[in-house]
Amino acid sequence: MWEKELEEMKIAALEAEKVILEIYETSFDVETKDDDSPVTIADLTADKIIKERLSKAFPDYGFLTEESVDTKERLSKDHVFIVDPVDGTHQFVQKAGGFSTNIALAYKGEVVAAVINIPVQHKLYYAVLGQGSFCEEDGKVRRLHVSNRARNNLRLLVSLSFYSEKEKSFTERHKDLWEEVIPLGASLKFCEIAEGKAELAVRYSSGTKEWDTAAGDLIITEAGGVFLDPKGDRFRYNREDVYNREGYIAANSKENIIFEK
C-alpha cells in the first residue's frame with residue numbers, strides 16, 4: 001500500500017533536484033517573505049514541479065506546501081501531500097549544501113509515505129508506513145536502522161541556522177551525555193538519526209512547521225526511532241495550525257529522550 005504514491009514522490013523529488021542544482025550554481029536573487037524567511041527561484045520552481053507531478057497523478061489529493069497559499073481546502077481531504085521544496089533555504093543561499101527536499105503524504109492525519117532528497121549528495125531517503133526506511137545512493141538501496149547507543153554516549157545534532165538560547169542551555173545542562181555535538185542543516189538531522197549516525201535532535205521553539213518535520217517523522221520511526229513533541233506525544237498532520245508550537249524531539253530510542261520540566 002502507498003507504493004504508487006511513493007514512486008511518484010521520489011520522481012517528483014528527483015525532478016526538483018535537477019532544477020535546484022542548476023539554480024544553485026548560478027547567482028540567484030533572494031527575497032524575504034512576510035515571516036522574514038528567505039525564498040529563491042529554486043524554492044518556487046521546485047514547488048511547482050512537485051505539485052504538478054503529484055496533482056496530475058493524484059488529482060483528488062490535497063496539498064500543504066511552504067511556497068503555496070494555504071487555502072485550507074486540504075482540511076476536507078483524507079490524503080494530503082506535505083511539501084517543503086527547499087528545506088534549509090539559508091543553507092542554499094549560503095551555498096553550504098545543508099538543504100533538502102521534503103515530501104510527505106498524510107492519510108487522515110498520519111504520515112504514510114515520506115521522501116527526503118539531499119540534492120548535493122544525490123541521496124534519496126524514503127519510507128512507507130510499516131515497511132521500513134531506506135536510502136538510495138549511487139544506484140544502491142540500503143535499509144536504515146537507528147543506532148543502539150545509550151546515554152552518556154550520544155551524538156546530539158543542533159541546528160546550523162536556528163540554534164536557540166533554550167537549546168544551547170539544554171545542550172550545556174546535559175553536556176555529560178554527549179559524545180559529540182554536531183551542527184547540521186535542516187532535515188539532514190533526521191536522515192543522520194535514521195542512518196544510525198546520531199541519536200538525538202531537539203527543537204524547543206515554534207519555528208518549525210509541518211513541512212519541516214512530516215517526512216523526517218516517518219523516516220525516523222520506520223528506522224526504529226521515535227519522533228515526539230516535547231510533551232511526549234506523537235504528531236498529527238494536516239492540522240489547521242501548521243506550526244509545531246512546542247518544537248520536537250527526534251531520537252534513536254525513547255529511553256534517550258530527556259523531557260524538560
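Two aromatic rings, from Phe, Tyr or Trp, count as a pair if their centres lie within 6.5 Å. Keep that rule in mind for the first close-up; the model in these views is a predicted one.

**Figure 1. Five aromatic residues join up into a cluster.** Ring pairs link F190, F227, F235, Y237 and Y248 here. How many aromatic pairs are there by this rule? The count comes to 17.

**Figure 2. F63 and F81 make a tilted aromatic pair.** To describe a pair of rings, you give the distance of the centres and the angle of the planes. For F63 and F81, the centres sit 5.5 Å apart and the planes make an angle of 35 degrees. Why is that called tilted? Planes under 30 degrees apart would be stacked and planes over 60 would be edge-to-face, so whatever is left is tilted. Now look at where the two rings come from: F63 belongs to strand β3 (residues 62-65) and F81 to strand β4 (residues 79-87), so the pair ties together parts 18 residues apart in sequence. Buried or exposed, these two? Both F63 and F81 are buried.

**Figure 3. S187 sits in a loop and is buried.** You'll find S187 between β11 (178-184) and α5 (188-194). Its relative accessible area is just 1%, and buried means under 20%, so S187 counts as buried. Which residues does S187 touch, leaving out those up to four places away in sequence? They are D87, S100, N102, I116 and D212. Compare that with H174: S187 and H174 are 13 residues apart in sequence, yet their C-alpha atoms are 23 Å apart in space.

**Figure 4. V226 is a buried residue in a strand.** The strand is β13, which covers residues 226-228. With a relative accessibility of 18%, V226 falls under the 20% cut-off, so it counts as buried. Setting aside residues up to four places away in sequence, V226 touches I220, T221, I249, A250, A251, S253, K254 and I257. L184 is 42 residues from V226 in sequence, and the two C-alpha atoms are 19 Å apart.

**Figure 5. Two lysines in loops have a positive phi.** Most residues other than glycine have a negative phi. K95 has a phi near 55 degrees, a positive value in a residue that isn't glycine. K108 isn't a glycine either, and its phi is about 50 degrees. Where do you find K95? Look in the loop between α3 (89-93) and β5 (100-107). K108 lies in the loop between β5 and β6 (110-118). As for their surroundings, K95 is partly exposed at 40% relative accessibility, and K108 is partly exposed too, with a relative accessible area of 48%.

**Figure 6. K168 is a partly exposed residue in a helix.** The helix is α4, made of residues 165-173. Why does K168 count as partly exposed? Its relative accessible area is 36%, and that value lies between the 20% and 50% cut-offs, so "partly exposed" is the right label. K168 and L64 are 104 residues apart along the chain, and 31 Å separates their C-alpha atoms.

**Figure 7. Stepping back, here's the protein that holds these close-ups.** Its secondary structure comes to six helices and 14 strands. Along its principal axes, the C-alpha trace spans about 50 × 40 × 40 Å. How does that fit with a compact globule? With 261 residues, such a globule would have a radius of gyration near 18 Å, and the protein has 17 Å, which agrees. Buried residues make up 57% of the 261. Now take the contacts with a separation of 6 or more: 65% of them are between residues 24 or more positions apart. On the outside, the protein exposes about 11,900 Å², and carbon and sulfur atoms supply 47% of that. There are 35 positive and 48 negative side chains, and the centres of these two sets lie 3 Å apart.

Note on methods
Residues are numbered from 1 along each chain as its sequence is written. This is a predicted model: local features need pLDDT of at least 70, side-chain atom pairs count only at pLDDT 80 or more; totals for chains, interfaces and linings use all residues. Side-chain values use heavy atoms; hydrogens and water are left out. Helices (H or I, at least four residues) and strands (E, at least two) are DSSP runs, numbered from the N terminus. The radius of gyration is taken over C-alpha atoms; the globule rule is 2.2 Å times the number of residues to the power 0.38. Buried means under 20% relative accessible area, exposed over 50%, partly exposed in between (1.4 Å probe, protein chains only). Contact means heavy atoms within 4.5 Å. Accessible areas come from the Shrake-Rupley method with a 1.4 Å probe; for residues, only the protein chains shown count as cover. Lys and Arg count as positive and Asp and Glu as negative; His and the chain ends are not counted. The place of a charge is taken as NZ of Lys, CZ of Arg, CG of Asp or CD of Glu. Rings of Phe, Tyr and Trp (its six-membered ring) pair if their centres lie within 6.5 Å; planes under 30 degrees apart count as stacked, over 60 as edge-to-face and the rest as tilted.
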